[in-house]
Amino acid sequence: YEAQAASVHGEDGKDLGVVVILNDVTDMRNIDKMKSSFVAMASHELRTPLTAIKGFSSTLLEGLDADLYTKEDQREFLGIVVSECDRLRRLIDDLLNTSRIESGESLQPNYSRFPLLPLLEKSVAVQQQASSKHRVLLQVHNALPETIVGDEDKLDQILTNLLNNAIKYSPNGGDVTVHAKNEGESTLIGVEDQGMGIPKEHLQRVFEKFHRVNNDDNRKIYGTGLGLFLVHHLVTQVHMGEIWAESEVGKGSTFWVRIPNELDIEKAKQANE
Ligand code: ADP
């Protein structure tokens, strides 16, 4: 509590007493704490890719005249530079999109009709390439709608984010399975991992901005706590769908997303103005 006090005098100047105002500043302190740990996290997230980009490009530059590196080496180094640039761009996009949502701006959805299965297959293939420690599988439970209506890029972002998390929070490897099931009016997509899991009391809070589970398991796993906040917005706001998580600590987690097959574009546009 923060206290303010003032003595009160009557008209004749006599002391009548003291007024004390107590302000509960717990929330403000928590926000301050969250902000400073966010700044520490974001600085780390920005520095790590930059260090790699600087390191590998300097090495290439030094090797240029002396022909120090083979073509394969050079290809590998440049590959790292490109993927670290992508990582930086994703982080900056996350920050920009969060501040857009905060200020009530729209994320400017771009709705169209597109085929669903190729998108699922592509996301799974991209993630499989990124990790040799995990098997990334697609399980289609029944005939999916040929096409759905939505924002294809943003659905891609949703899947990429959930798959990245599934891999990141399963440091010991295991299977990551994308489930897809046509429910008639909607499609249910699940991203299941065999990783560290999420304690019950955090299951809903992980969708809050900056919220991260802080325990021995994931202290060394870096992130900003913005990914699921954005995914939640993209599912519920941009696609008028639902998202929730199920998990058992030590066994794994599944993030479920339900989106309508035939999104009403006019309604969705109004909701996202
Ligand atoms: P970040 O990964 O940058 O911390 P997210 O918003 O993507 O941010 O996730 C918020 C938190 O939810 C993470 O810090 C982590 O504690 C938890 N989390 C998300 N996905 C998983 C998962 N698949 N398994 C275990 N924990 C997860």
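In helix α4, the buried residues are Lys154, Leu155, Asp156, Ile158, Leu159, Asn161, Leu162, Leu163, Asn165, Ala166 and Ile167. I should state at once that this is a predicted model. Helix α4 has 17 residues, and the distance from its first C-alpha to its last is 24 Å, close to the 24 Å expected at 1.5 Å a residue. At the N-terminal end, α4 is capped by Asp151, a side-chain oxygen of which lies 3.2 Å from the backbone nitrogen of Asp153.

I turn now to the partners of α4, beginning with α3. Helix α3 covers residues 116-130 and α4 covers residues 152-168; the two pack at an angle of about 35°, and their axes are 10 Å apart. The crossing of α3 past α4 is right-handed. On the α3 side, the residues that meet α4 are Leu116, Leu119, Leu120, Lys122, Ser123, Val124 and Gln127. On the α4 side, they are Glu152, Leu155, Asp156, Leu159, Thr160, Leu163, Asn164 and Ile167. Sorted by class, this contact comprises eight nonpolar, four polar and three charged residues.

The second partner is helix α5, residues 227-238, whose axis comes within 10 Å of that of α4 and crosses it at roughly 145°. Here the crossing is left-handed. From α4, the contact uses Lys154, Gln157, Ile158, Asn161, Leu162 and Asn165. From α5, it uses Gly227, Leu228, Val231, Leu234, Val235 and Val238. In terms of class, the contact of α4 with α5 has seven nonpolar, four polar and one charged residues.

Let me return briefly to α3 for one residue, Gln129, which is found in that helix. Is Gln129 buried or exposed? Its relative accessibility is 73%, so Gln129 counts as exposed. Between Gln129 and Asp193 there are 17 Å in space, C-alpha to C-alpha, for a separation of 64 residues in sequence.

Next, helix α2. This helix spans residues 71-102, 32 residues in number, and reaches 47 Å from first C-alpha to last, close to the 46 Å expected at 1.5 Å a residue. Its buried residues are Phe77, Val81, Glu84, Leu88, Leu91, Asp94, Asn97, Thr98 and Ile101. I would single out Glu84, which is found in α2. Why does Glu84 count as buried? Its relative accessible area is 13%, and buried means under 20%. Which residues does Glu84 contact, leaving aside its neighbours within four places in sequence? They are Thr48, Pro49, Ala52 and Ile53.

I close with the backbone. After α2 comes Gly104, with a positive phi near 75°. Gln108 is a residue other than glycine, yet its phi is also positive, near 45°. Gln108 belongs to the loop between α2 and β3, the latter being residues 112-115. With a relative accessible area of 62%, Gln108 is exposed. Met240, likewise not a glycine, has a positive phi of about 50°. This residue sits in the loop between α5 and β8, where β8 is residues 242-248. Met240 counts as partly exposed, because its relative accessibility is 38%, and that class lies between the 20% and 50% limits.

Key. Residues are numbered from 1 along each chain as its sequence is written. This is a predicted model: local features need pLDDT of at least 70, side-chain atom pairs count only at pLDDT 80 or more; totals for chains, interfaces and linings use all residues. Side-chain values use heavy atoms; hydrogens and water are left out. Axes are lines fitted to C-alpha atoms, for helices over the stretch in contact, and angles run from 0 to 180 degrees between N-to-C directions. Helices (H or I, at least four residues) and strands (E, at least two) are DSSP runs, numbered from the N terminus. A crossing is left-handed if the near helix is turned anticlockwise from the far one by less than a right angle, and right-handed if clockwise. Contact means heavy atoms within 4.5 Å. Ala, Val, Leu, Ile, Met, Phe, Trp, Tyr, Cys and Pro count as nonpolar, Asp, Glu, Lys and Arg as charged, and the others, Gly among them, as polar. The expected span of a helix is 1.5 Å times one less than its number of residues. Buried means under 20% relative accessible area, exposed over 50%, partly exposed in between (1.4 Å probe, protein chains only). A polar contact is a pair of N or O atoms within 3.5 Å; within protein, one must be able to donate a hydrogen and the other to accept it, and residues adjacent in sequence count only if both atoms are side-chain atoms.
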